[in-house]
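Colleague: I have a few minutes before my next run. Can you walk me through this model, starting with the ligand?

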Amino acid sequence: MKHTEASSEAGAALLRQIPAVDELLARAALRELAARLGRGDLSIVSVDVLENEIVAATETSVEPSLRAVVNATGVILHTNLGRAPLAPVAARRAAEIASRYSNLEYDLERGERGRRDAHTDRLFRRLLGAEMTLVVNNNAAAMFLALNTIAEGGEVVVSRGELIEIGGSFRIPDISAKSGAVLREVGTTNRTRISDFEAAINERTRALVRVHPSNFRIVGFTERPELREMVELARNHGLPLIEDLGSGCLVDLGPHGIEGEPLAGESLKAGVDVVTFSGDKLLGGPQAGVLTGSRPWLERIRKNPLFRALRVDKLTIAALEATVALYLGGDLRAIPALAMIQASKDEIAERAGRLAERLLARAGVSARLEDGESVIGGGSTPGSSLPPRLVSIRVEGLSAAELAARLRRSRPPVIARVERGEVLLDLRTVLGGEDELVSKAFEKIALECA
Ligand SMILES: *Cc1c(COP(=O)(O)O)cnc(C)c1O
């Protein structure tokens with residue numbers, strides 16, 4: 001009985017909170033609305049609408065802010081959607097290490113303090129033949145740390161054709177300035193020769209820097225020194241060569257339509273002293289910045305107090321180790337970003353066909369299949385795109401923008417592309433098992449519109 005009394009009291013309290021209609025209409029925003037639309041139009045606020053709004057507002061307020069979404073944009077490494085999804089085995093490793101104690105910095109052989117970088121160092125040695133590897137927060141941190149350690153107070157030489165900006169305000173000139181290195185630009189936007197680098201070397205020079213122009217292409221009348229020329233020039237002057245590879249491509253993706261991505265292993269073999277790349281782009285792992293290369297330079301970088309400030313936590317190490325282990329085992333299909341790149345047009349077309357049938361049968365929504373393009377994204381391979389079949393959708397009575405907005409409000413949110421007044425779904429980036437969620441989202445929208 002107590003319980004009922006309590007809930008009826010709570011009910012009464014809630015009722016007292018409902019404002020009188022006159023009080024509502026007297027408020028500034030509603031007065032302005034009534035003046036604009038006429039008071040009659042305001043009466044469309046029904047109990048149904050209020051009910052839905054209250055449910056939606058309350059659900060949203062208790063939900064986590066960071067949530068899983070369905071990526072139907074076709075952009076595989078979508079920076080706004082979290083770049084590479086982890087392989088399930090990598091996510092499980094991170095969860096296990098997160099919820100238990102670990103030998104993060106403990107040498108199990110000797111029973112004494114160990115190094116947290118030992119875990120990934122071992123794997124990159126096996127995979128890339130690297131003498132030594134360090135992992136920091138992201139590639140921006142990796143470049144900052146390399147430049148700060150090697151070139152603070154001196155100069156670094158970079159080609160004008162490689163002074164890139166990556167989305168999210170990573171700019172080579174700004175990173176270099178903050179690291180305390182003076183940037184010496186050589187060559188021109190489209191053509192830089194090895195002799196331009198050579199002419200810029202002076203007693204203040206601390207390093208030569210090469211940057212992968214990952215998110216744009218300069219085509220036409222262009223020239224860029226060969227990597228081997230850069231290595232030779234650096235050697236002859238007793239300088240280190242630092243290379244920012246951007247994407248961290250570890251295997252040749254040429255057979256899967258990704259041409260011209262430089263491989264980290266090739267740079268090391270060519271003799272680059274410090275190679276940096278991201279963990280969550282083409283590598284397909286967690287957000288991280290990998291610094292790999294020759295031991296003397298990496299040991300210096302490790303001694304920089306900023307390394308302590310930029311180091312990664314055990315979750316990242318666990319996920320990265322598990323991801324790199326998949327490369328070592330040759331199990332590339334287990335890495336979602338690589339599986340998406342490798343998915344054939346036929347596979348995607350078949351899924352698109354099945355989704356279109358389901359949408360018609362269950363939601364009464366008619367979808368059209370058309371050809372289109374997926375892109376890699378994340379500042380990778382601007383020249384390449386992958387061919388998918390797209391599902392193009394119209395829902396009676398909804399504009400493309402309104403339909404896309406409703407998809408974003410679905411649970412889980414579905415992020416689609418809107419192009420030329422159409423909502424397009426690209427299943428290349430929709431994970432296995434999520435097609436059903438997309439279908440459910442449409443069923444709900446169709447019900448709301450009925
Ligand atoms: C993406 C990218 C970066 C930045 O990497 P983050 O891991 O996002 O910090 C730096 N340089 C190049 C060439 C890139 O492509």
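Modeller: Start with Lys 281: an N or O atom in its side chain is 2.8 Å from an oxygen atom of the ligand. A polar contact here is a pair of N or O atoms within 3.5 Å; within protein, one must be able to donate a hydrogen and the other to accept it, and residues adjacent in sequence count only if both atoms are side-chain atoms. Keep in mind that this is a predicted model: local features need pLDDT of at least 70, side-chain atom pairs count only at pLDDT 80 or more, and totals for chains, interfaces and linings use all residues. Residues are numbered from 1 along each chain as its sequence is written, and side-chain values use heavy atoms, with hydrogens and water left out.

Colleague: How much of the ligand does the protein bury?

Modeller: The protein buries 95% of the 380 Å² that the ligand exposes when taken alone. Those areas come from the Shrake-Rupley method with a 1.4 Å probe; for residues, only the protein chains shown count as cover.

Colleague: Which elements give two or more residues to the shell?

Modeller: Helix 8 (139-151) and strand 10 (241-246) do. Helices (H or I, at least four residues) and strands (E, at least two) are DSSP runs, numbered from the N terminus.

Colleague: And which residues come nearest to the ligand?

Modeller: Ala 140, Ser 214, Asp 244, Ser 278 and Lys 281, out of 14 around the ligand. A residue counts as near if one of its heavy atoms lies within 4 Å. Ser 278 has a polar side-chain atom 2.7 Å from a ligand oxygen. Asn 139 uses its backbone: a polar atom there is 3.0 Å from an oxygen of the ligand.

Colleague: How does the shell divide into nonpolar, polar and charged?

Modeller: Four nonpolar, seven polar and three charged. Ala, Val, Leu, Ile, Met, Phe, Trp, Tyr, Cys and Pro count as nonpolar, Asp, Glu, Lys and Arg as charged, and the others, Gly among them, as polar.

Colleague: Now the sheets. What is the order of the seven strands?

Modeller: The order is 4-12-11-10-9-5-8, in an open sheet with mixed pairing. Strands pair if DSSP finds at least two bridges between them. At the edges are strand 4 (132-136) and strand 8 (182-186), each paired on one side only. On average, neighbouring strands of this sheet are turned by 25° against each other, direction ignored. Axes are lines fitted to C-alpha atoms, for helices over the stretch in contact, and angles run from 0 to 180 degrees between N-to-C directions.

Colleague: How many bridges join strand 5 to strand 8?

Modeller: Five, and the two strands run parallel. Val 158 stands opposite Glu 185 of strand 8.

Colleague: What about the sheet of four strands?

Modeller: That one is open too, ordered 13-14-17-16, with antiparallel pairing. Strand 13 (366-371) and strand 16 (417-419) are its edges. The twist averages 35° from one strand to the next. Strand 16 pairs with strand 17 (residues 422-426) over three bridges. Val 418 has Val 423 as its bridge partner there.

Colleague: Which residues form the aromatic pair?

Modeller: Phe 124 and Phe 277, edge-to-face, 6.2 Å centre to centre with 70° between the planes. Rings of Phe, Tyr and Trp (its six-membered ring) pair if their centres lie within 6.5 Å; planes under 30 degrees apart count as stacked, over 60 as edge-to-face and the rest as tilted.

Colleague: Where is the cis peptide bond?

Modeller: Between Arg 411 and Pro 412, with omega about -5°. Pro 412 is in the loop between helix 18 (400-408) and strand 15 (414-415).
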